[in-house]
Amino acid sequence: MTAGVDLGQPQAQAIRSDEDVVRVRQLVRTVAVAVKLSLVDQTKVVTAASELARNTLVYGGGGTVEVGTVDNGTRRGVHIVFADCGPGIADLDLALTDGYTTGGGLGLGLSGARRLVDEFDIQTTVGEGTRITVTKWSR
């Protein structure tokens, strides 16, 4: 048990407000420290989680995140699943293109988050929502 987080079970967090995005960042940092990610890798996974939590709130209309640990026998990592029941992403290839944005931002959210983690999977269905799973492994 580290800082009130049970590393044996994924921790669920609703994403319904800006404050929840901050809570997601804090939870991911706590788990990243517990699995002994380097400071650089902690920063990368927290940044990716922040971007994805913000997208869940802004574009998905809110949703949930589950933050847990994974172990492949030789190393540990942080495993995060974001889910929403929003409108989905109509053109996933376009949405994953650097510079593409529908919100007036820099357009680095999805593509930037993908570069910051070791594993990135996105499943989206128009009219049903989006599920993004990411993993950052210890080195």
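**Exercise 1. Which residues does I80 touch, not counting residues up to four places away in sequence?**

Solution. Begin with the ground rules: residues are numbered from 1 along each chain as its sequence is written, and side-chain values use heavy atoms, with hydrogens and water left out. The structure is a predicted model, in which local features need pLDDT of at least 70 and side-chain atom pairs count only at pLDDT 80 or more, while totals for chains, interfaces and linings use all residues.

Step 1. Apply the contact criterion, which is heavy atoms within 4.5 Å. With residues up to four places away in sequence set aside, I80 touches V28, V45, A49, V65, E66, V67, I132, T133 and V134.

Step 2. Place I80 in the nonpolar core, a set of buried Ala, Val, Leu, Ile, Met, Phe, Trp, Tyr and Cys residues joined through side-chain atoms within 4.5 Å. The largest such core has 29 residues, and I80 is listed with I15, V24, V28, V67, V78 and F82 as those with the most contacts inside it.

Step 3. Ask which elements supply this core, taking helices (H or I, at least four residues) and strands (E, at least two) as DSSP runs numbered from the N terminus. Two or more residues each come from α1 (18–34), α2, β2 (63–71), β3 (76–84), α4 (109–116) and β5, and the largest share, seven residues, comes from α2. In soluble globular proteins, nonpolar side chains tend to be buried together.

**Exercise 2. Describe helix α2, and then decide whether N55 is buried or exposed.**

Solution. Step 1. Helix α2 has 20 residues and reaches 28 Å from its first C-alpha to its last, close to the 28 Å expected at 1.5 Å a residue, where the expected span is 1.5 Å times one less than the number of residues.

Step 2. Classify by relative accessible area: buried means under 20%, exposed over 50%, and partly exposed in between, with a 1.4 Å probe and protein chains only. The buried residues of α2 include V45, A49, L52, A53 and N55, and the buried residues of this helix pack against β1 (11–15), α1, β2, β3, α4 and β5.

Step 3. N55 lies in α2 (residues 39–58) and counts as buried because its relative accessibility is 18%. Leaving aside neighbours within four places in sequence, N55 is in contact with G60, G109 and L110.

**Exercise 3. Trace the salt bridges that involve α2, and follow the network that one of them joins.**

Solution. Step 1. The criterion is a side-chain nitrogen of Lys or Arg within 4 Å of a carboxyl oxygen of Asp or Glu, and by this rule the count comes to six salt bridges.

Step 2. R54 and D18 meet in a salt bridge at 2.7 Å, N to O. The pair links distant parts of the chain, with R54 in helix α2 and D18 in helix α1, 36 residues apart. R54 is partly exposed at 32%, and D18 is likewise partly exposed, at 44%.

Step 3. R139 forms a salt bridge with D41, the closest N and O atoms being 3.3 Å apart. R139 lies in the segment after β5 and D41 in helix α2, so this pair ties together parts that are 98 residues apart in sequence. R139 is exposed, with a relative accessible area of 66%, whereas D41 is buried at 4%.

Step 4. D118 forms a salt bridge with K136, with the closest N and O atoms 3.7 Å apart. D118 lies in the loop between α4 and β4 and K136 in strand β5, so the pair ties together parts that are 18 residues apart in sequence. D118 is partly exposed at 33%, while K136 counts as buried at 2%. Salt bridges that share partners join D41, D118, K136 and R139 into one network.

**Exercise 4. How do β4 and β5 run, and how many bridges join them?**

Solution. Step 1. Two strands pair if DSSP finds at least two bridges between them; seven bridges join β4 (residues 119–125) to β5, and the strands run antiparallel.

Step 2. D121 stands opposite T133 in β5. The two strands form a hairpin with three residues between them, and G127 in the turn has a positive phi of about 85°.

Step 3. Consider confidence, expressed as pLDDT, the predictor's confidence in each residue from 0 to 100. In the chain, confidence is highest in strand β5 (residues 129–137), at a mean of 98, and lowest in helix α3 (residues 92–95), at 88.
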